[in-house]
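Welcome to a short tour of a protein model. Take a moment to look at the sequence and the fold, and then read on at your own pace.

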Amino acid sequence: MMMKLWKWYQNCLSFHPLKTQVISSGVLWGVGDIAAQYVTHSNARRRLHLSDTDADFKVNWKRVAITSTFGFAFVGPVGHFWYEGLDKFIKLKLHLQPKSARFVAAKVAMDGLIFGPLDLLVFFTYMGFSTGKNSVQVKEDLKRDFLPALALEGGVWPIVQIANFRYVPVRYQLLYVNIFCLLDSAFLSWVEQQKDAAWKQWFTSFTSVKERGGQGRL
């Protein structure tokens, strides 16, 4: 069964690479959001000591559709061209030997400094506007969510991408990323649903102190 599914995916990827990545990204981000909703629900139930009958888990399908659309509209197409273009750029412009330490390091650095922050910025901005918030509210959400997510993801994605860029053929690097995006979408959805959690307030208070310190030196 799994071999048939893998061959089917390979066939789709060969003949319709962009369409395959767009569809798989949308599906995986939707599934990831359901997982995030379940984790948030389970934590709330334990914290409030609710019984199973008092707090049945119900999927917020509107939120799933919103998150899945992000996968379809941004992660799929942008990720497809980003990873293909990144490989060509480092090979042809930087003239680095594929699979070498410098080649992998350059890819990881560019992915973490460019695509990672952009992905988070677009995600939180899109999620804010899609739920009816105005620009001021979206800006406040970005202040609350962006830095904590960037810091936490910054400790994980470089390790994931080292293995990706070193061992996975370019043709399947997008699939590799999309599989981890299942976990990533669950994580980002969870971060967004945490609102003003204490651990987020630590990050925002830290940046506020830095800003005041910077102003004091001017």
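In this predicted model, D87 and K91 form a salt bridge, and their closest N and O atoms are 3.0 Å apart. Both residues belong to helix 3, where they sit 4 residues apart, about one turn of the helix. How accessible are the two partners? D87 is buried, because its relative accessible area is 5% and the cut-off for burial is under 20%. K91 has a relative accessible area of 35%, so it counts as partly exposed.

D87 has another partner too. Its side chain meets the side chain of K107 in a salt bridge, at 2.6 Å from N to O. D87 lies in helix 3 and K107 in helix 4 (residues 101–130), so this pair ties together parts that are 20 residues apart in sequence. K107 counts as buried, because its relative accessibility is 1%.

Elsewhere in the chain, K133, D141, R144 and D145 are linked in a network of salt bridges. Within this group, R144 pairs with D145, and their closest N and O atoms are 2.9 Å apart. R144 counts as buried at 10% relative accessibility, and D145 is buried as well, with a relative accessible area of 1%. How many salt bridges does a search of the whole structure find? The search finds 7.

Here are the three pairs described above, side by side.

| Salt bridge | Closest N and O atoms |
|---|---|
| D87 and K91 | 3.0 Å |
| D87 and K107 | 2.6 Å |
| R144 and D145 | 2.9 Å |

Now step back to the whole fold. The protein has 8 helices and 0 strands, so from the N terminus on its elements read α-α-α-α-α-α-α-α. It has 218 residues, and 39% of them count as buried. Among contacts in the protein with a separation of 6 or more, 74% are between residues 24 or more positions apart. The protein exposes about 12,800 Å², and carbon and sulfur atoms supply 68% of that area.

A database record adds another view. In an unreviewed entry, UniProt places the feature "transmembrane region" at residues 64–83 and 103–126. In the model, residues 64–83 are 100% helix and 0% strand, and the C-alpha atoms at the two ends are 26 Å apart. Residues 103–126 are also 100% helix and 0% strand, with end C-alpha atoms 33 Å apart.

Helix 3, which spans residues 61–92, also holds T67. Is T67 buried or exposed? T67 is buried, because its relative accessible area is 0%. Its side chain makes a polar contact with the side chain of D33, at 3.2 Å.

The surface has a feature of its own. I23, V27, V31 and F72 form a nonpolar patch there, and together they have about 320 Å² of accessible area. Which helix supplies the largest share of this patch? Helix 2 (residues 17–48) does, with 3 residues. One residue of helix 2 is I23, which counts as partly exposed because its relative accessibility is 44%.

The last stop is S14, in helix 1 (residues 2–15). With a relative accessible area of 45%, S14 is partly exposed. Its side chain reaches the backbone oxygen of Q10 at 2.9 Å. S14 also illustrates how the fold brings together parts of the chain: S14 and R171 are 157 residues apart along the chain, yet their C-alpha atoms are separated by 9.1 Å.

To look back over the tour, you could start again at D87, which has salt bridges to K91 and to K107. From there, follow helix 3 to T67 and its polar contact with D33, and then move out to the nonpolar patch of I23, V27, V31 and F72 on the surface.

Definitions and conventions
Residues numbered from 1 in each chain as written. Predicted model: local features only at pLDDT ≥ 70, side-chain atom pairs only at ≥ 80, totals over all residues. Heavy atoms only, no water. Buried < 20%, exposed > 50% of the residue type's maximum accessible area, 1.4 Å probe, protein only. Contact = heavy atoms within 4.5 Å. Areas by Shrake-Rupley, 256 points an atom, 1.4 Å probe, with all protein chains shown as cover. UniProt positions renumbered as here; feature names shortened; annotations may be inferred. Patch = residues over 30% accessible without salt bridge, like charges linked within 9 Å, V, L, I, M, F, W, Y side chains within 5 Å. Salt bridge = Lys/Arg side-chain N within 4 Å of Asp/Glu carboxyl O. Polar contact = N/O pair within 3.5 Å; in protein donor to acceptor, adjacent residues only side chain to side chain.
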